[in-house]
2 protein chains.
Amino acid sequence: MTISEVSKKYNLTADTIRYYEKEGIIPRVQRTKNGIRDFDENTCSWIEFIKCMRNAGLEIEILKQYVTLFKQGIRTIKERKMLLEEQRNKLLEKQKNINATLDRLNQKIKWYEDMEKGKKDFMENP
Amino acid sequence: MTISEVSKKYNLTADTIRYYEKEGIIPRVQRTKNGIRDFDENTCSWIEFIKCMRNAGLEIEILKQYVTLFKQGIRTIKERKMLLEEQRNKLLEKQKNINATLDRLNQKIKWYEDMEKGKKDFMENP
DNA sequence: TATTGACTTGGAGCGAACTTTAAGTGATAT
DNA sequence: ATATCACTTAAAGTTCGCTCCAAGTCAATA
């Protein structure tokens, strides 16, 4: 697969994919005889995985660490597990913040709805 | 209240609070006769509100728009409601991404646990 | 009186994650 | 043959959200 095919498949720009390779958060991609990237199944799975992690906000630097550990093989399994657990905790924290904010937005939206219906007296606060 | 008191209260740096004022995502803060910021209750509520929104990742630019509408008074209520609904949708989307990633992390962590216990054969994938 | 310390300002600097640019190669279509 | 197109590289540029700096003011303390 060429970079533009992969780009379409995962809805990432070709530039982003090249950047990910340069940064080492996906493994080095094979080239054809004339230097053009040729993506295989495995590389695609990595891209898909990285995309998912990035969508949730995991940092490039962390993902780089994960890939580095991965490359070092089976002996880094404990470390990899710890890294993932740490990221899980960060996501749980994020989830809490988002839930708190959603509650707040819902309250406000409701308040505005009531205002529109003339149900509330006018008493504005942030 | 001085800026350093507010800074402690909300665990934001004084620089960040000044930046928020400069950007207009909190209302202009009153000054004492010699130019020092003097935060009142209302401004504090704004800071708390903005902090919550920022924690969930709402953009400065969006919050600026909200504050601008707010300043224009009651006639912008419909617009404000729409803005908040849009942000709510974005947060719901984010929530979905985080949940998907959490599921995936949980699976992986479990896999690593099983590996450690020697339960699984060695078959690595991203 | 001198100095300490908290504040003020405008503006420069920074890290993260891309994104764009410039210059080039090589296969295919007209 | 020549032009078009997708690709290549290294490096510079961009955006966001702060964060830091220099130079200055003012009030309180040694």
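## The surface near DNA strand D

Let's start with the mix of residues: the surface near DNA strand D has five nonpolar, five polar and six charged residues. Here "near" means that a heavy atom of the residue lies within 4 Å of the strand. Ala, Val, Leu, Ile, Met, Phe, Trp, Tyr, Cys and Pro count as nonpolar, Asp, Glu, Lys and Arg as charged, and the others, Gly among them, as polar.

This is a predicted model, where local features need pLDDT of at least 70 and side-chain atom pairs pLDDT 80 or more, while totals for chains, interfaces and linings use all residues. Residues are numbered from 1 along each chain as its sequence is written, chains are lettered from A and ligands numbered from 1 in the order written, and side-chain values use heavy atoms, with hydrogens and water left out.

## Who touches the strand

Of the 16 residues around DNA strand D, the ones that come nearest are A:Ser4, A:Arg31, A:Arg37, B:Tyr20 and B:Arg54. On the DNA side, sugar and phosphate make up 79% of the strand D atoms that come within 4 Å of the protein.

Some polar contacts (pairs of N or O atoms within 3.5 Å) go to phosphate oxygens of strand D. A:Arg31 has a side-chain N or O atom 2.7 Å from one, and a polar side-chain atom of A:Arg37 also lies 2.7 Å from a phosphate oxygen. For B:Thr16, the distance is 3.5 Å. Two elements give two or more residues to this surface: α1 (3-10) of chain A and α2 (14-23) of chain B. Of the elements, α2(B) gives the most, with four residues. Helices here are DSSP runs of H or I, at least four residues long, numbered from the N terminus.

## Aromatic rings

Over all chains, there are 14 aromatic pairs, meaning Phe, Tyr or Trp rings (for Trp, the six-membered one) with centres within 6.5 Å; planes under 30 degrees apart are stacked, over 60 edge-to-face, and the rest tilted. A:Trp46 and A:Phe70 pair edge-to-face, 5.0 Å centre to centre with 90° between the planes. That pair links distant parts of the chain, with A:Trp46 in helix α3 (residues 41-55) and A:Phe70 in helix α4 (residues 60-71), 24 residues apart. A:Trp46 is buried (under 20% relative accessible area, using a 1.4 Å probe and protein chains only), at 3%, and A:Phe70 is buried at 14%.

In chain B, B:Tyr66 and B:Phe70 make a tilted pair, 6.3 Å centre to centre and 50° between the planes. Both B:Tyr66 and B:Phe70 are buried.

Technical notes:
Polar contact = N/O pair within 3.5 Å; in protein donor to acceptor, adjacent residues only side chain to side chain. Buried < 20%, exposed > 50% of the residue type's maximum accessible area, 1.4 Å probe, protein only.
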